[in-house]
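Trainee: I keep meeting words like "buried" and "contact" when people talk about structures. Could we go through one together and check where each word comes from?

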Amino acid sequence: MTRLNLVTGRRPGPETAPGYETGAFGHQKAGEQGRLRALEDLWDPLTERYLRQAGVPATARCLEVGAGAGSVARILARVCPNGDVTATDIDTRFFERLAAEERITVLRHDVTQDGFPADSFEVIHARMVLCHLADPARVLAAMAEWLSPGGLLLVEDLDLGPADASPHPVMRQGLRLAEQTLGVSQGSDLRLGRRLQALVTDGGFTFGGMRVQPVMIGDGGPADEFWRLSFAQLRDFAALSNAALAGELDAALSLIDHPGFTDLGMNAVSVWGRKPVRPTG
């Protein structure tokens, strides 16, 4: 059995995104675990496909940053059957049970402040993490230190850009308000996916690949529950201070199940690269 480790290696720097734990999507919110599970249903098949496509050693030491509800830690353990996985988050309540599984270590860890020794891992993955950070480039630089030469980095984030062209005014406004609410309450950048490749290559990684998956709303697919729960939490959060804004978010929520409604809500962006190998001699 692996145990819940203590945080070590505190590194100076800015705090996590402003108000993250008290924002609309904080871990303490009643619906947050369900929302994270819906995100897993939506994105896990893509994450596993890209990890396998990028190629990782069966014995790799893996780091899952911002493990959420824990599914990607299990994916990494499956993809690297003779390796080990460290699953981290600023709040581990939704995946602490993984500490009982062989080859998985659960660690409470703030990626903006807590470090690891250089060359600690051969695979690092982070999904929907960088978009919530004030300085994602700085965090990528830290990940580069933790990754061994030749090691794989896979980062995944969303791009809400398609919402601007929605033909449905209610949904267009709802997504705009969602973006504004998360930006104010958590410092989130819901368009970071558009810049993800540049962040990875500017961070010194050798570019390996990029995939963009359109994510629909209202087509009965796995994304619908993610949108329902996201809009519901945003509505409840907005209702604390602005009833009119909450009403507009509620209207967008209601539209998801309206007969005949479908829309393109966002793009799911995945980028991978490798840390350059140091020259010999």
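Mentor: Sure, here is a walk through some helices, strands and residues, one term at a time. Keep in mind that this is a predicted model, where local features need pLDDT of at least 70, side-chain atom pairs count only at pLDDT 80 or more, and totals for chains, interfaces and linings use all residues. Residues are numbered from 1 along each chain as its sequence is written, and side-chain values use heavy atoms, with hydrogens and water left out.

Trainee: Let's start with helix α1. How do you know that its span agrees with the expected one?

Mentor: Helices are DSSP runs of H or I with at least four residues, strands are runs of E with at least two, and both are numbered from the N terminus. The expected span of a helix is 1.5 Å times one less than its number of residues. Helix α1 (residues 32-54) has 23 residues and should span 33 Å; its end C-alpha atoms are 31 Å apart, so the two agree.

Trainee: Where in α1 is there a kink?

Mentor: At W43, shortly before the proline P45, with a bend of about 50 degrees. That bend is the angle between axes fitted to the seven residues ending there and the seven starting there. Just after α1, G55 has a positive phi of about 85 degrees.

Trainee: And how does the span of α6 work out?

Mentor: Helix α6 (residues 223-239) has 17 residues, and 24 Å is expected. From first C-alpha to last, α6 reaches 24 Å, so by the 1.5 Å rule the value is close to what was expected.

Trainee: Why is D91 called buried?

Mentor: Buried means under 20% relative accessible area, exposed means over 50%, and partly exposed is in between (1.4 Å probe, protein chains only). D91 has 7%, so it is buried. You'll find D91 in the loop between β2 (84-89) and β3 (104-108).

Trainee: What makes the pair D91 and R93 a polar contact?

Mentor: A polar contact is a pair of N or O atoms within 3.5 Å; within protein, one must be able to donate a hydrogen and the other to accept it, and residues adjacent in sequence count only if both atoms are side-chain atoms. The side chains of D91 and R93 come to 2.7 Å, so the pair qualifies.

Trainee: Why does W146 count as buried?

Mentor: Its relative accessibility is 0%, so W146 counts as buried. W146 sits in helix α3 (residues 136-146). Contact means heavy atoms within 4.5 Å, and beyond its neighbours within four places in sequence, the contacts of W146 include L63, H109, F116 and I124. A polar atom of the W146 side chain also lies 3.5 Å from the backbone oxygen of F116.

Trainee: What about T181, buried or exposed?

Mentor: Buried, because its relative accessibility is 10%. T181 lies in helix α4, and its side chain reaches the backbone oxygen of L177 at 2.8 Å. Setting aside neighbours within four places in sequence, T181 touches L234, F237 and L245.

Trainee: What makes a group of residues a nonpolar core, and which have the most contacts inside the largest one?

Mentor: A nonpolar core is a set of buried Ala, Val, Leu, Ile, Met, Phe, Trp, Tyr and Cys residues joined through side-chain atoms within 4.5 Å. The largest here has 89 residues, and M143, W227 and F231 have the most contacts inside it. Helix α1 gives the most to this core, eight residues. In soluble globular proteins, nonpolar side chains tend to be buried together.

Trainee: Why is strand β7 described as largely enclosed?

Mentor: Because 10 of the 12 residues of β7 (residues 263-274) are buried.

Trainee: How do you know that β7 pairs with β5 and β6?

Mentor: Two strands pair if DSSP finds at least two bridges between them. Strand β5 (residues 147-159) is joined to β7 by eight bridges, running antiparallel, and L153 stands opposite G273 in β7. Strand β6 (residues 206-217) is also antiparallel to β7, over 11 bridges, with M210 partnered by V271. So both counts satisfy the rule.

Trainee: In which sense do β1 and β2 run?

Mentor: Parallel, joined by four bridges. R61 stands opposite D84 in β2.
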